[in-house]
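User: I am new to this structure and would like to learn how to read its features one at a time. Could you take me through them slowly?

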Amino acid sequence: MKVSDIMSGSPVTVAPDETALHAARLLSRHNVGSLPVCGTDGSLRGVVTDRDIVLRCVANGESPAKTPVRDIMSRSVVTASPEDDISRVSELMSRAQVRRLPVVSEGQLVGVIALGDLARRTACDMEASKALTDISANLKRL
């Protein structure tokens, strides 16, 4: 099974010049923990998480209403391709300790695949279970 078979298309994104406050409101409104950061051309520039907002903005005494997302986002992002096999994606998630991967094709964000997407597919139960186990085990060590 391929990523394109189970990924979520048209993910909610945020622009690099939007504020951390705007990103936080999007995270809350859509009940997600991370947002792909995309340029006007649709290219993936990074990812911003609720944790980025707290640790890189609020904890540093910066104002979320004035801090641009580009200043707090993670630029080094692990991505998947729509043609990737689910087992490869599960391994990527496990290795990178993430629950979501942006899906990129020809430099453009085309979707997001989440651990939940893997878990909802019976054929992927083992991959999802392994990824979640690995992620959870490594988080406990932190």
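Analyst: What follows is a walk through strands, a helix, backbone angles, cysteines and a pocket, and the model we are reading is a predicted one.

User: Which strands make up the open sheet, and in what order do they lie?

Analyst: To read a sheet, one follows which strand pairs with which and in what sense. Here the open sheet has three strands in the order β1-β5-β4, with antiparallel pairing. β1 and β4 are the edge strands, each of them pairing on one side only.

User: How many bridges join β4 to β5, and how many join β1 to β5?

Analyst: Strand β4, residues 100-105, pairs with β5 over six bridges in the antiparallel sense, while β1 and β5 pair, also in the antiparallel sense, over two bridges. Single residues let you trace this in the view: Pro 102 stands opposite Val 112 in β5, and Ser 8 likewise stands opposite Val 112, whereas Gly 9 has Gly 111 of β5 as its bridge partner.

User: What lies between β4 and β5?

Analyst: These two strands form a hairpin with two residues between them, and Glu 106 in the turn has a positive phi of about 50°.

User: Why can β5 be called largely enclosed?

Analyst: One looks at how many residues of the strand are buried, that is, have under 20% relative accessible area. In β5, residues 108-114, five of the seven residues are buried, so the strand is largely enclosed by the rest of the structure.

User: Which residues of helix α4 are buried?

Analyst: In α4, which spans residues 86-96, the buried residues are Ile 86, Val 89, Ser 90, Leu 92, Met 93 and Ser 94. Just after the helix comes Gln 97, whose phi is positive, near 60°.

User: Where else do residues other than glycine show a positive phi?

Analyst: Two cases in loops are worth finding. Ser 10, in the loop between β1 (8-9) and α2 (20-30), has a phi near 50°. Asn 31, in the loop between α2 and β2 (34-38), has a phi near 55°.

User: Are Ser 10 and Asn 31 buried or exposed?

Analyst: A residue counts as exposed when its relative accessible area is over 50%. Ser 10 is exposed because its relative accessible area is 72%, and Asn 31 counts as exposed because its relative accessibility is 70%.

User: How many disulfides are found?

Analyst: In general, a disulfide is a covalent bond between the sulfur atoms of two cysteines. A search of the whole structure finds zero of them. As for individual cysteines, Cys 38 counts as buried at 9% relative accessibility, and Cys 57 counts as buried at 0%.

User: How much space lies in the second largest pocket, and which residues are closest to its centre?

Analyst: Rolling a probe the size of a water molecule over the atoms shows where empty space is left. The second largest pocket holds about 240 Å³ of space. Of the 16 residues that line this pocket, the closest to its centre are Ser 8, Pro 11, Val 32, Arg 100 and Val 112. Two or more lining residues come from each of β1, β2, β5 and α5 (115-119), and β2 gives the largest share, three residues.

User: What kinds of residue make up that lining?

Analyst: The lining of the second largest pocket divides into seven nonpolar, six polar and three charged residues. Val 112, one of the residues closest to the pocket centre, is also the residue of β5 that stands opposite Ser 8, which lets you relate the pocket to the sheet in the view.

Definitions and conventions. Residues numbered from 1 in each chain as written. Predicted model: local features only at pLDDT ≥ 70, side-chain atom pairs only at ≥ 80, totals over all residues. Heavy atoms only, no water. Helix = DSSP H or I, 4+ residues; strand = E, 2+ residues; numbered from the N terminus. Buried < 20%, exposed > 50% of the residue type's maximum accessible area, 1.4 Å probe, protein only. Disulfide = S-S within 2.5 Å. Pairing = 2+ DSSP bridges. 1 Å grid on protein atoms, 1.4 Å probe; cavity = no way out; pocket = protein on both sides within 12 Å on 5 of 7 lines; lining within 4 Å. Points joined across faces, edges and corners; volume = space filled by probe spheres on them. Nonpolar A, V, L, I, M, F, W, Y, C, P; charged D, E, K, R; others polar.
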